[in-house]
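Here is a quick walk through this model, residue by residue where that helps. Keep the viewer open and click along.

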Amino acid sequence: MAPLPKKKRSVSRKRRHRTHIAATVPHLIVCTQCHSPKRSHQACPVCGTYNGRQVLDVARETGPTAG
């Protein structure tokens, strides 16, 4: 049998706890090659470059059937 809390957590305490549980917007930067927005520290999904190097073959990996 799982342990149960001894007291009910009050509404204000529950809401204070939940203020930190929120979805955040990902930090976007501009790609240096194609100038499209991309996530930092990730390869660009449009042109496939990362840190000035071509790391993805985007022509081949487009669409949900790529794999």
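## P37 and its partners

Start with P37: once neighbours within four places in sequence are set aside, P37 is in contact with L28 and I29. This is a predicted model, by the way, so read everything here in that light. P37 sits in strand 2, which covers residues 37-39. On the C-alpha atoms, P37 is 9.7 Å away from H27, a residue 10 places off in sequence.

Is P37 buried or exposed? P37 has 56% relative accessibility, and the bar for exposed is over 50%, so P37 counts as exposed.

## S36, one step back

Right before that strand, things look rather unlike P37. S36 belongs to the loop between strand 1 and strand 2. S36 comes out at 13% relative accessibility, and anything under 20% is called buried, so S36 is buried.

Which residues does S36 touch, leaving aside those within four places in sequence? The list is I29, V30, C31, C44 and V46. I29 is worth a second click, as P37 is in contact with I29 too.

## Two histidines with positive phi

Now for some backbone angles. H35 is not a glycine, yet its phi is positive, near 60°. You'll find H35 in the loop that links strand 1 (28-30) to strand 2. H35 is exposed because its relative accessible area is 59%, and the exposed class begins over 50%. From H35 to C47, which is 12 residues away along the chain, the C-alpha separation is 9.6 Å.

H41 is another non-glycine residue with a positive phi, about 65° in this case. H41 is placed in the loop between strand 2 and strand 3. With a relative accessible area of 65%, H41 is exposed as well.

## P45, in the loop after strand 2

P45 is also part of the loop between strand 2 and strand 3. Its relative accessible area is 56%, which means P45 is classed as exposed, the limit being over 50%. Which residues does P45 touch, not counting those up to four places away in sequence? K38 and V58 are the partners of P45. Measure across to L56 in your viewer and you should get 8.3 Å between the C-alpha atoms of P45 and L56, which are 11 residues apart along the chain.

## T49, a buried strand residue

Strand 3 takes in residues 49-50, and T49 is part of that strand. The relative accessible area of T49 is just 8%; buried means under 20%, so T49 is buried.

What is T49 in contact with, apart from neighbours within four places in sequence? Its partners are C31, Q33, A43, C44, Q54 and V55. Two of those names, C31 and C44, should ring a bell, as S36 is in contact with both C31 and C44.

## The positive patch

Over on the surface, there is a gathering of positive charge made up of K8, R9, R13, K14, R15, R16 and R18. One of these, R13, is found in helix 1, which spans residues 11-18. Is R13 buried, exposed or in between? R13 has a relative accessible area of 48%, between the limits of 20% and 50%, so R13 is partly exposed.

## The whole chain

Zooming out, what is the order of the elements from the N terminus on? The chain runs α-β-β-β-β, with 1 helix and 4 strands in total. Of the 67 residues in the protein chain, 12% are buried; S36 and T49 are among the buried residues.

The accessible surface of the chain is about 6400 Å², and carbon and sulfur atoms account for 56% of that surface. As for reach along the sequence, take the contacts between residues at least 6 apart: 0% of these join residues at least 24 apart.

Notes
Residues are numbered from 1 along each chain as its sequence is written. This is a predicted model: local features need pLDDT of at least 70, side-chain atom pairs count only at pLDDT 80 or more; totals for chains, interfaces and linings use all residues. Side-chain values use heavy atoms; hydrogens and water are left out. Buried means under 20% relative accessible area, exposed over 50%, partly exposed in between (1.4 Å probe, protein chains only). Contact means heavy atoms within 4.5 Å. Accessible areas come from the Shrake-Rupley method with a 1.4 Å probe; for residues, only the protein chains shown count as cover. Patches are made of residues with over 30% relative accessible area and no salt bridge: like charges are joined within 9 Å, nonpolar side chains (Val, Leu, Ile, Met, Phe, Trp, Tyr) within 5 Å. A salt bridge is a side-chain nitrogen of Lys or Arg within 4 Å of a carboxyl oxygen of Asp or Glu. Lys and Arg count as positive and Asp and Glu as negative; His and the chain ends are not counted. The place of a charge is taken as NZ of Lys, CZ of Arg, CG of Asp or CD of Glu.
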